[in-house]
Amino acid sequence: MSFWILTNAVFRREFAGYFATPVAYVFIVIFLLSMGAFTFYFGQFFQSGRAELDVFFGFHPWLYLFLIPAISMRLWAEEQKSGTIELLMTLPVPVTAAVTGKFLAAWVFSGIALLLTFPMWATVNFLGSPDNGVILAGYFGSWLMAGGYLAIGSCISAMTNNQVIAFVVSVVVCFMFTISGHNIVLDFFQAWAPVFIVNAISSFSFLTHFNAIMDGVIDLRDLVFFGSLIALSLFINSVVIDLKRAD
Amino acid sequence: MIIIEDLVRRFGSFTAVGGISLRVKKGEVLGFLGPNGAGKSTTMKMITGFLAPSEGRISVCGHDIVEEQLEAQSVIGYLPEGAPAYPDMTPVQFLSFIARVRGLKDEAAQKAIDLAVARTGLQSVLGQKIETLSKGFKRRVGLAQAILHDPPVLIMDEPTDGLDPNQKQAVRSLIRAMSANKAIIISTHILEEVDAVCSRAVIIDKGKIVADGTPAELLAKSPTKRFDDVFRSLTTPDAEIRVEGGQ
């Protein structure tokens, strides 16, 4: 059977799983509440008097840092804990199809949560005349970045059968990816590392790539960055699952 | 249909399966017996491709489980130990997922699900979440999943564990009814079950085969003609619960 039929079967099961339990609803409510709280209280959205969503998008990396690992922690850890991994891995499903299906379900789910922030978009359009192209780019960049966090989280979830460990480690790793372009990090390396290493570390920064897209410029390099990060993480994810057979 | 040659499986320095060779033909119901930790489940996990063998070969319907894993897995129905299933799904959703993964579509899928449900007596709980089901029903959901695609090879790890006597009887008749055109391996430590459903019994102890024959042949090994005595004389008791003489 084709790869995509099997990926789709896993995708549908996973995706339905979010809505079969309160997980989806709790997550979406918390996601929307925290997005709103950060934008309006800390971001001083109204006081800024500008019809744009920069403040709103600016908080996304930091909220994702905690909210996305909350989705990704269960992807594989739960299957390994409950033993359903044995069922899944003895069905004629390639590991890569299972990994892709699970990832896509989580990614689409986070996309839905993101789309439900549309009242923000409606608000700025009601109050002023924002550049909707820039806003669209912001949403797209935010979703891409969520995919990056999710892929890293999924990979880490595969390495443990404990969801708490998966969550904590994912937050730490995602944090490092988020701030790797920040001066605090770069100063530490600049003192002794060669320039190309400092540049390499800086280029892994989610913030740098996301900010570039948020400005309304969808550069191929930023797409390639998130795309290859997702692909690489999912590849490692598959290898980790495969290695457990021989463990 | 199942050919196992010199199968070895090590976990670190511990050898769980130490060189097992077996052939199971169509029409045979092979009962896998042995004390806890003898290597029954590990062997079944290797036949179904969940664990990779450390040494040796397994071929199912002509497909090598390592070289042609997906082909081999598509002709196997497997009930893992403890009958794991996704707790947030209902039996109908769960079986539909399995049908999709097994390549059954629309009418064929519906027919297969109806038949499996009828054979395992799941009609009354089809709309209930699996997590709310009793142990016996959960086991039957696992059974239904294993026989759904009418596989030529059926591997079941303790299929009657946790069932009441009536349910045990029903599952045994089901296995007998399916045995004519399948190769079946079941593991059990209920000795009467061997006599009731198996055409052949293999006793393993410490990862090695210590007896292989029809139930009648095995009984002939003991002067008392009781399975318990055959089992005890061939296997090593657990050191911790052995009662030393005179203590």
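B:Cys61 sits in the loop that links strand E4 (55–60) to E5 of chain B, and that loop makes a good place to start a tour of this predicted model. The phi angle of B:Cys61 is near 50°, a positive value in a residue other than glycine. Is B:Cys61 buried or exposed? The answer falls between the two: B:Cys61 counts as partly exposed because its relative accessibility is 28%, and the partly exposed class runs from 20% to 50%.

**The sheet around that loop**

The two strands flanking B:Cys61 belong to an open sheet of four strands in chain B, ordered E2-E1-E4-E5 and paired in the antiparallel sense. Its edges are strand E2 (14–24) and strand E5 (63–64) of chain B, each of which pairs on one side only. Within this sheet, strand E1 (residues 2–11) of chain B meets E2(B) through eight antiparallel bridges. One of the residue pairs to look for is B:Phe11, whose bridge partner in E2(B) is B:Phe14.

**A second positive phi, and the strand that follows**

Another residue other than glycine with a positive phi is B:Asp150, again near 50°. B:Asp150 lies in the loop between H5 and strand E7 (153–157) of chain B. With a relative accessible area of 49%, B:Asp150 is partly exposed, since the exposed class requires over 50%.

Following the chain from that loop leads to E7(B), and here the picture is one of cover: five of its five residues are buried. Which residues lie on each face of E7(B)? On one side are B:Val153, B:Ile155 and B:Asp157, and on the other are B:Leu154 and B:Met156, all of them buried.

E7(B) also has strand partners to offer. Strand E6 (residues 76–79) of chain B runs parallel to E7(B), joined by four bridges, and B:Gly77 stands opposite B:Leu154 there. Strand E8 (residues 183–187) of chain B is likewise parallel to E7(B), this time through five bridges. In that pairing B:Asp157 has B:Ser187 of E8(B) as its bridge partner.

The strand pairings described so far can be set side by side:

| Pair in chain B | Sense | Bridges |
|---|---|---|
| E1 and E2 | antiparallel | eight bridges |
| E6 and E7 | parallel | four bridges |
| E7 and E8 | parallel | five bridges |

**A helix covered from both chains**

Helix H3 (residues 91–101) of chain B has a good share of buried residues to explore: B:Pro91, B:Phe94, B:Leu95, B:Phe97, B:Ile98, B:Ala99 and B:Val101. What covers the buried residues of H3(B)? The cover includes helix H1 (3–20) and helix H6 (84–90) of chain A, along with helix H4 (106–120) and helix H5 (135–147) of chain B. Just after H3(B) comes B:Gly103, with a positive phi of about 80°.

**Two buried spots in chain A**

Over in chain A, A:Lys102 belongs to helix H7 (residues 95–115). A:Lys102 counts as buried because its relative accessibility is 1%, and the cut-off for buried is under 20%. Beyond its neighbours within four places in sequence, A:Lys102 is in contact with A:Val10, A:Glu14, A:Leu75, A:Trp76, A:Glu79 and A:Leu88.

A:Gly141 is found in helix H9 (residues 132–158) of chain A. Its relative accessible area is 0%, so A:Gly141 is buried. Leaving out residues up to four places away in sequence, A:Gly141 touches A:Phe210 and A:Ile213. The C-alpha atoms of A:Gly141 and A:Phe3 are separated by 28 Å, and these two residues lie 138 residues apart along the chain.

**Chain B as a whole**

Stepping back, the secondary structure of chain B comes to nine helices and ten strands. Its C-alpha trace spans about 65 × 40 × 35 Å along the principal axes. The radius of gyration is 18 Å, which agrees with a compact globule, because 247 residues would give a value near 18 Å.

Of those 247 residues, 53% count as buried. Among contacts in chain B between residues at least 6 apart in sequence, 65% join residues at least 24 apart. The accessible surface of chain B is about 10,900 Å², with 50% belonging to carbon and sulfur atoms. As for charge, chain B carries 30 positive and 30 negative side chains, and the centres of the two sets lie 2 Å apart.

Definitions and conventions
Residues numbered from 1 in each chain as written. Chains lettered and ligands numbered in written order. Predicted model: local features only at pLDDT ≥ 70, side-chain atom pairs only at ≥ 80, totals over all residues. Heavy atoms only, no water. Rg over C-alpha atoms; globule rule 2.2 N^0.38 Å. Buried < 20%, exposed > 50% of the residue type's maximum accessible area, 1.4 Å probe, protein only. Contact = heavy atoms within 4.5 Å. Areas by Shrake-Rupley, 256 points an atom, 1.4 Å probe, with all protein chains shown as cover. Lys, Arg positive; Asp, Glu negative; His and termini not counted. Charge placed at Lys NZ, Arg CZ, Asp CG, Glu CD. Pairing = 2+ DSSP bridges.
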